[in-house]
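Colleague: Before we look at any detail, could you show me how to read an interface and then the enclosed spaces of a model?

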Amino acid sequence: MKISRFIAAAAILALLGCKKDFLNRLPQDKLIPETAFIDYNNFQTYSWGLYDNFSGYGTAGFPPAMRSEFTSDNMNETRANGMSEYAYQTKIIPASGSSSLTQVTAQWNFSYIRRANIMLDNIEGSKLSDVDKKHWRSVGYFFRALRYYDLIAAFGDVPWVENALSDTSSAILYGARTPRDEVARNILDNLEYAERNIKPAGDGKNTINTNVVRALISRFGLFEGTWRKYHGLGNSEIYLMAAKSASEKLLTAFPLLMSNYDDVFNSEDLDGKPGIILFKQYAPNLTNHNSPVNVATVNWFWDLTKDAVESYLCTDGKPVSTSGVFAGDRSMYDEFRNRDRRLYYSVIPPYKVIVAKQPSWTNTSNPADAEYISLMKNIGGTNKTLPMVQWSKNWDIGNTISQSPHFRNFNAGQPQVVSELGYIFWKYSNRLPLDNANKSTNDAPLFRIEEVMLNYAELMWELGLFNQGIADITVNKLRARVSMPNMVLASINGSFDTRKDATVDPVLWEIRRERRVELMGEGFRFNDIKRWKKGSYLNKQPLGVWVRNADYGNRLKIKGGASQGYVEYFGVPAGWLEAYYLEPLPTQDLALNPALKQNPGY
Amino acid sequence: MTVPNNQTFNKPNIQMYNFFVAFWREISVRANAKLLRIMKLIFLIILAALLQVSAATKAQTINLEKRSIKLTEALKSISDQAGYSILYSDDIPTLAGQYVRISAKGSSLTDALNQCFNNLALTYALNGKTILVTERPKSSLQSTKKLLPISGKVTDEKGLAIPGVSIKMKGSTKGASTDNNGVFNLKVDEEDVTLIFSAIGYVTLEVRVNGRTELNVTLKEDIGKLSEVVVVGYGTQRKENLTGVVNTVKVDDILGNRPVSTTGSLLQGTVPGLNVAIGSGEPGSTASFNIRGATDIGSSSSNNNIKTQEPFIIVDNVPFNGPLNLIDPNDIETVTVLKDAGSAAIYGARSAFGVILITTKKGLKNQPTQFNYSNNLTMVTPMNLPKKATVLQTIQSYKDMGTIGYWTGNDVDTWLDLVNKYNANPQAYPEGSATVNGVLYPLAETDAIRNVVGDKAWQFLHNLSVSGGSEKITYRLSAGTVKENGIIVPESKQDQFKRYNLRSFVSTDITKWITAQLDASYYSSTKSYPGNDGFGPAAVFAPYFSMADSVVINGQKVINGTPRNTVLLRAPTIRRLDDTRLTGRGIVKPFAGLQITGEYTFDNLKGLTTSYNKVVTAADARNRIVETTGAGLYKKVNDQTIYKALNIFANYEKRIQKHNLSLLAGYNQEENSFEAYSAERNGVISAEYPSLSQAAGTQVVSDSYNQYAVAGAFGRINYDYDGKYLLGLTGRYDASSKFPKNHRTGFFPSISVGWAINKEKFMSASSSWLNLFKPRASYGSVGNQAIDNPYAFLATMDAEIPSWLNNNAQVITLTAPGLVSNNFTWASVNTLNIGLDVELFKNRLSANFDWYKRETSNMLYEGIQLPAVLGTIAPLQNVASLESKGFELQIGWRDKINQVSYRINANLSDFTSTITRIKNEAGILDQYYVGQKLGEIWGYTTDRLYTVDDFVAGTLSSNLTGGTLKPGIVVRQGQLPNPGDVMFKDLDGNGVINAGTTTLGNPGDRSVIGNSTPRYRFGINGGISWKNLDFSFVITGVIKQDQWRANGLTLPNFYQFGTIYADQLDYWTPSNPNAFYGRTYSQATGNQPVNQSLQSRYLLNGEHLRIRNLTLAYTIPSSFAKKMFVDRFQTFFSVENVVVFDHMPNGLDPDITRAGVQGYEYPFLRQFSFGVNLSF
């Protein structure tokens, strides 16, 4: 009997032992690469993650692309310690690259490269047709090139990673950086492959297609071509010519512009709009951003500099230094009179109203206070009307800002929409969804024909091919949209702008001016300055509007401590250093890989 | 009375009925007469409730005429007619032979029944639809039963009289006690009764009277707890034979009368080396446990991401999945903590960091039925509120920061002027504010903290249990309920915790060699917490923000966004947990010494979390902007964990002369599968009654799964020679699904030895006072499979929603797979432990000391810190090792002087952990490095504040900014300092303050400025009893600790939209150049973040002493209690969280470490509680 008990126990144990799969547990809600890249849809699914490299207007705060403008001569982050780390030499060598995708632009970060490479590595083993394989390779190449363009712009030489690495890929992990020549060449080769092999219509509306690839060739070609030219690296023509060819095809494909400059940035839907090559879509409850609301808060620290304001031409087509219609800068009202209207779309024009009971307002007894209120009504668009309204949900109560300029310490009881320099940047402000934080859904342009036009104009000048005809299909199209007179080459000579950089050709100066004005606040200026090797532009002290301090109880900071003059916030910059043309590599990576050398000067 | 048309019991009720009948029969056999009455009463009440006696319909008339009919038949007929059921107490011996005469014509039910029972030794009772038949209480029949006197003397082994010995009749509450001469007198109602003699310090003795009238008894001195048996893995061991590090806590001893509803708070400070952390006083807050400190390091790259993994928590042999606060401490008999490998290794893979064994209370064989009831009524009040600066001090601080116009629109000078005027004459500003140029200037002082933190709240605890046993069956049933209200706006009823628990344990000896047991429990808890707890605004609001419920803005009345309204306007997040756990166990004893146990446990833990992000429109209390917040998103998350465990093990014990051998062999397998799905939708139609169906918005659903399985075979050998030389060997072969196929298994052995020196002959001289002197040692290796992600060996791609839209629609994408190492396997934890157990002076003094070294080797860690060009984090590999060293000391003393008995226990423990192996050749400081002490705080060393003299004369502007530093004055890289900014020490002497290359080789000017590991934790508990009064206390504390906390409570105007506290006023101003705090800047910008960055000056000292509990209990004299039919009646008053002595700023507790800009979090609660304990 006792034996039978043991037999029973042994039988139970034996039974349990037989269950072989007991310890094999596989995830039910996750995929592995072997199962994730089989058919066309799989690749499309994976590729959506790559599109997130386009941050557009971001999801909260200011548009990420704006960040690099703060360090350029266009804009200032006017709060303590907001000074350009390049102009004021407060640049610190980082310990490591950030891992957040939206912050990586100028960071030593390769996670996005890996993401693209994983897709590229899995194309050959998939069940795709040859045509589809080429298409997805093109898409992968495009995104990888997009990131490499940021990396090369920031660091110069960067390791080229052709396939996803593993922890045993020592040759690359512990190797030296790939020379810029080779990386740039690879970027261009990849993009040209994509241009030839991508499906012309991409994967449907607003996806990477032949035109988007060309737009990147145009942007990258101009960048690399001019960088090489001004930094003495040679072979600049290859890139300029590639950009020329791509730009020409695009100019043919996109002959028209949206009729209102402001609508490019503040439209609910950019789908099918003229000149829009690729945009980031926002939709209620799905993906929202916060740019318009941010402009209207106490937390908006972004002013244009006086230098940027002065770069806008007057309505006679001439710069402030020589224009006959420029009214001087002894008040903001004068300074803004008869200017390129893109200025009004970028900086809140001056006004004053009486707000007795919110939100209603009345004009002051002085008609001059209302000059730009009527002007804004007349230049069209519903997005930019005056007076400015601060962010607030409840419009029954509302908060109308009674004046501009609206200095932070003289906010007349309304702490929102205040500025230190007086030139508050409001290009991304619109009236439509000013509602609740993170609820804005106006679409963000990513590639637009206007940039291609400016790329084309500049590269044609660099190639010695610029002429009035080129000006007419590029710069003058942009000017026509904002009712500005044409650029007439014949009239541009050394005395056209008496304040210009003497080392720059007068026509090139005007092409660059047009670029600066059209693309203000979109994140191009800092890279432009670097590729032109014009870091010295940052040595100018950022200044604000001209005021009489007595009008403000003598509490504003005036340049030089004078009783009247330009408002200042940061003092005189320490000045640009030669090293700043390239970013420093993080100390951690230098410590990990002795073959990695720091960029010179750090 | 009414009768239903027919029997309407539905099915479950019949089952319930059958169960109760069986149960009732069972207990009625055991119970004596008095208890039976009480039980019957309770039982019938419960039964009636369960059977849901309904208001039935028909008038009740009985027709039955018989000259002679069997009682049972008569009752059947009557009950059928009346629609009643019958319950017989099955101990009625005379039932079968009873015949009755009945004549009922249209009689009432009671009339008919009265006829039946007339003249019988039986009686009946009606309850609901049940006729209960029992014997007529004997007392009524035998009122003149003879009482037999008995007397005697109780002495100790030396023949000395023992006063105060309690003498009880077994199975009764009757008893007496000895007088000062050890003499007792008693009357018993039967000749052969058993008397129980018990006294503190003596072994309890049972004596059968057997007709004697004089009885002299000798009690043996209790040589303590040495003979006690303690639970160890899959078995028990005599305490004196232990060789591993095992601490046992009897919950009744430590629980006493404390108003503690969770086991976690109970264990704080009781077991050295068991660290119990409870984050806040929030009702239902869960405790986290850790044994002997750091176990592992986090896989993230941030420094000091130390893991203190939870020990393996086992309830009655089976791992417990739910949070431990689901278990009512009243149901727990003992908590045993296995700390070293020698004792814990038997549990294998998950016992690497110790085991907490919880043994629940059970019934005992031949134990009379015993009821216990206890309750607590507790009033809680918040401890330690932060104190803000006054309005004047606050506005002055704005001015001192250099603010001209405050961000709410006010001109600071105007404001200061107004506050001064207001303070001089508050009547002049009846509104408590003034308006200048259309701007509102609040002037009156308000209290945003008190606005949300209530004065008091109430908490209740009830627990009822019944237990008992016969020769073959034992049982225990218990039910408990807890309701705790928190102090966040108590009237909102959003801050609550409720728990119900039911437990039953039944054990039956089916034959002499087979025992079957069923252990069933159900727990349900509901925790509600405000959607927004209001602590944030309460902490950051300046002391002048209006706390009015509504404000008028532009003539419109708007709800004011006070902290309190923040809570009230939102819906709470509610988490409900239900745990059903069933264990079936069979114990077979085929022959003497061998016991085979097979047990299977099924545990189902279900959770449901409901949250609703209400759309709320209110004015911001600070700047009066009307905001609408909340997405109106209603969300439900359902999760379920199904856990199955099988244990089969055999214990064998053999004694050959002085050789004692005990063997254990077994097999264990466990399977855990977690599954959750979540659904959410916005556009809820009714904000008051939100649901997923009644909503118009987009539906978002998702799910997640997580499974693992472990299997292991284990064995243990315990051998001792004459109780002197002790040896324990344990081995376990484990396999886990968390590892890839070829690296799945591991063998983990341990050895432990002990030597009871006191038992040696050469020690006989000291045997009178040295009761135990036992050095012991253990060494063992245990595997660690505690990896959060059970699929970490696979490179998986998770679904992710990108921000990119395609044609205005959301798309889904996959993340890039990470890297996985192909030789990923177990980490092993090796522990060496050396200890000593001592008991002295008849066990009045007991002490244990342990020293240990625990090495976690081959930890899974990001193998190598790889260059960023890889594009992902390095794969996990078994490459890191960690060593913890520490000691534990516990000393206890208990004695009795005359009528006063007292006890005191103190314990002290400490550990430090060091990284002994890691791949960080470059010595990067953001990573772990070899030699790193865990808890290290790296920071700059504060030198002093910059002064005006540090700047070239004439370069500073009027507000002391923008100056040029004199040559040789150090500056932090990237910084343009002003007077009042914090100057750091230039440790590397290179003239600039920076982090160097953030490597060990070049740390710049940073160094280790402190360590956050709590050192020298101690606990002291004790008590004193005199007659019926008992006083006890619990004290815990930490002797050394550094804490870095940067938040609004520690640093002035830390947060841009925050405020300043009363203890932060010593900040720099031109007239206070030697301030403690550096210069502050408008909106917390400028150099302020640097001034308040991690540095030596603002480290906090975490040393503290906490009086955790004081209790005073009074036991009502038993003679009085008996009049109320109870055996024991105790009332008590207790204060929990009495006081803490520390060095923290007001409002911060050294043990509440949640961080955030506001700094203020849910405080600990002081609990004043009153309650009773009843046994009957």
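Modeller: Let us start with polar contacts across the interface, bearing in mind that this is a predicted model: between chain B and chain A there are 15 residue pairs in polar contact, both partners being at pLDDT 80 or more.

Colleague: Which element gives the most to the side of chain B that touches chain A?

Modeller: Strand β41 (residues 699-721) of chain B does, with eight residues, while that side of chain B as a whole divides into 49 nonpolar, 39 polar and 11 charged residues.

Colleague: How many salt bridges does the rule find across the interface of chain B and chain A?

Modeller: The rule finds one, in which E800(B) pairs with R115(A), with 3.4 Å between the closest N and O atoms. The area buried between the two chains is about 8,200 Å², and carbon and sulfur atoms give 60% of that area.

Colleague: How should I think about enclosed space, and how much of it lies in the largest cavity?

Modeller: The general idea is that rolling a probe the size of a water molecule over the atoms shows where empty space is left. Here the structure holds 12 cavities of 30 Å³ or more, and the largest cavity has about 100 Å³ of space. Its lining has 15 residues, of which Q237(B), G342(B), S343(B), R716(B) and N718(B) are the closest to the centre. β42(B) gives the largest share of that lining, three residues, and by class the lining has four nonpolar, 10 polar and one charged residues.

Key:
Residues are numbered from 1 along each chain as its sequence is written. Chains are lettered from A and ligands numbered from 1 in the order in which they are written. This is a predicted model: local features need pLDDT of at least 70, side-chain atom pairs count only at pLDDT 80 or more; totals for chains, interfaces and linings use all residues. Side-chain values use heavy atoms; hydrogens and water are left out. Buried area is the accessible area (1.4 Å probe) that two parts lose on being put together, summed over both. A salt bridge is a side-chain nitrogen of Lys or Arg within 4 Å of a carboxyl oxygen of Asp or Glu. A polar contact is a pair of N or O atoms within 3.5 Å; within protein, one must be able to donate a hydrogen and the other to accept it, and residues adjacent in sequence count only if both atoms are side-chain atoms. Helices (H or I, at least four residues) and strands (E, at least two) are DSSP runs, numbered from the N terminus. Ala, Val, Leu, Ile, Met, Phe, Trp, Tyr, Cys and Pro count as nonpolar, Asp, Glu, Lys and Arg as charged, and the others, Gly among them, as polar. On a 1 Å grid over the protein atoms alone, a cavity is a set of points where a 1.4 Å probe fits but cannot get out, and a pocket is an open set with protein on both sides within 12 Å along at least five of seven lines; lining residues have an atom within 4 Å of a point. Grid points are joined across faces, edges and corners, and a volume is the space filled by probe spheres set on the points.
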